[in-house]
Amino acid sequence: MGHDHGHAHAAPDHRGRLAVAFGITAAILVAQAVGAIVTGSLALLVDTAHMLTDAGGLALALSAAHLSLRPPSPQRTWGYRRAEVLAALAQAAVLLAVGVYVLVEAVLRLADPPEIPATELVVFGVVGLVGNLVAMAVLAGRRDANLNLRAAFLEVANDALGSVGVIVAAIVIATTGWQGADAVAALLIGALILPRALRLLRSAGSVLLESTPPGLDLDEVRAHLLRVEHVRDVHDVHASLIATGLPILSAHVVVDSGCFTDGHAGRILDELQECVATHFDVAVEHSTFQVEPDTHPAHEHPTHP
């Protein structure tokens, strides 16, 4: 059954924040690469590798933010809104690879730690920390806007923690002479990378698998729709996320046959759409309901739940 209604699917523009964060991260990357060569520090080398993946991740995020603003087309009816999810998935995969590498290399270094100049190490650590804190401040206000920005913020936050680890390692080396502090700092950086990467991977995978949006209980939705007058049954209910902030829902709704002759069908459709858009914590503004007479379910395909 058709119903004339419009929905806006334009993605918010976060490219400015991402561009600033990318510029800062790229500058820190160059500084830390020089520092890793000068000092020979594993912690700084690992943090530099992390910065390299983060710079690439932010570049991906910036590209995804640009693509998500492109309008829909007959071939891509949702436009490129899901580009943010693909970018987040790619970043999570890279972070996982870096985290595993860090753990393996750090264990090897613990057995035979090289000589690390503490003064140079702390200087480059401070440079990285200051730059990362600035980038975090740029992204912080909108970090929950979508998966893409959340991934970018997590990467910068991980970099800041990595810089703290580098600074602490330098202080320990300077005060105690224990060179193994560098490898321990690298291990801690790896331990910080892996859980966050796994959480991001799970979130992105959930969207790609079209799982029900977190916070939306489909049993509760069905029960509430059944309270609408003249509704006999609700089945074949599906809900998923196209992208962050864009949940969709569809369902077959069985109503009294007389509703198609007395004018009730249109009003029922309005009530159904208003219900899912306003009643639940997750507002579903894009919903599609197939309103059926109570004689129709007998003709449904047997695979419909």
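A residue is buried when its relative accessible area is under 20%, exposed when that area is over 50%, and partly exposed in between. The legends below use these words in that sense. The model shown is predicted.

**Figure 1. Overview of the predicted protein, with its 8 helices and 3 strands.** The elements follow the order α-α-α-α-α-α-α-β-β-α-β from the N terminus on. The chain has 305 residues, and 45% of them are buried. Take the contacts between residues at least 6 apart in sequence: 75% of these join residues at least 24 apart. The accessible surface is about 14300 Å². Carbon and sulfur atoms account for 62% of that surface.

**Figure 2. The largest pocket, with about 310 Å³ of space.** The pocket is lined by 14 residues, and those closest to its centre are Arg150, Val207, Pro213, Pro214 and Leu241. Which helices each supply at least two residues of the lining? They are helix 5 (147-176) and helix 6 (180-208). Helix 6 gives the largest share, 4 residues. By class, the lining holds 6 nonpolar, 6 polar and 2 charged residues.

**Figure 3. The salt bridge between Asp233 and Arg222.** The model has 3 salt bridges in total. In this one, the closest N and O atoms are 2.9 Å apart. Asp233 belongs to strand 1 (residues 231-243) and Arg222 to helix 7 (residues 218-225), with their positions 11 residues apart in the chain. How accessible is each partner? Asp233 has 27% relative accessibility, so it counts as partly exposed. Arg222 has a relative accessible area of 33%, so it too falls in the partly exposed class. The reason is the cut-offs: 20% and 50% bound that class.

**Figure 4. The salt bridge between Asp256 and Arg232.** The N to O distance is 2.6 Å. Asp256 sits in the loop between strand 2 (246-255) and helix 8 (264-278), while Arg232 sits in strand 1, so the bridge ties together parts 24 residues apart in sequence. Is Asp256 buried or partly exposed? At 21% relative accessibility, Asp256 is partly exposed. The limit for buried is under 20%, so a value of 21% does not qualify. Arg232 is exposed, at 51%. That class needs a value over 50%.

**Figure 5. The salt bridge between Arg232 and Asp294.** Here the N to O distance is 3.2 Å. Arg232 is in strand 1 and Asp294 is in the segment after strand 3 (286-293), so this pair ties together parts 62 residues apart in sequence. Asp294 is partly exposed, with 28% relative accessibility. Which residues form a network of salt bridges? Arg232, Asp256 and Asp294 are linked in this way. Arg232 pairs with Asp256 and with Asp294.

**Figure 6. Positive phi at Glu210 and at Asp236.** Phi of Glu210 is near 55 degrees, a positive value in a residue other than glycine. Glu210 lies in the loop between helix 6 and helix 7. With a relative accessible area of 47%, Glu210 is partly exposed. Phi of Asp236 is also positive, near 55 degrees. Asp236 is part of strand 1. Is Asp236 buried or exposed? Its relative accessibility is 10%, so Asp236 counts as buried.

**Figure 7. Pro72 and its contacts in the loop between helix 2 (42-67) and helix 3 (83-111).** Pro72 is exposed, with a relative accessible area of 51%. Which residues does Pro72 touch, not counting those up to four places away in sequence? They are Thr77, Trp78 and Gly79.

How values were computed
Residues are numbered from 1 along each chain as its sequence is written. This is a predicted model: local features need pLDDT of at least 70, side-chain atom pairs count only at pLDDT 80 or more; totals for chains, interfaces and linings use all residues. Side-chain values use heavy atoms; hydrogens and water are left out. Buried means under 20% relative accessible area, exposed over 50%, partly exposed in between (1.4 Å probe, protein chains only). Contact means heavy atoms within 4.5 Å. Accessible areas come from the Shrake-Rupley method with a 1.4 Å probe; for residues, only the protein chains shown count as cover. On a 1 Å grid over the protein atoms alone, a cavity is a set of points where a 1.4 Å probe fits but cannot get out, and a pocket is an open set with protein on both sides within 12 Å along at least five of seven lines; lining residues have an atom within 4 Å of a point. Grid points are joined across faces, edges and corners, and a volume is the space filled by probe spheres set on the points. Ala, Val, Leu, Ile, Met, Phe, Trp, Tyr, Cys and Pro count as nonpolar, Asp, Glu, Lys and Arg as charged, and the others, Gly among them, as polar. A salt bridge is a side-chain nitrogen of Lys or Arg within 4 Å of a carboxyl oxygen of Asp or Glu.
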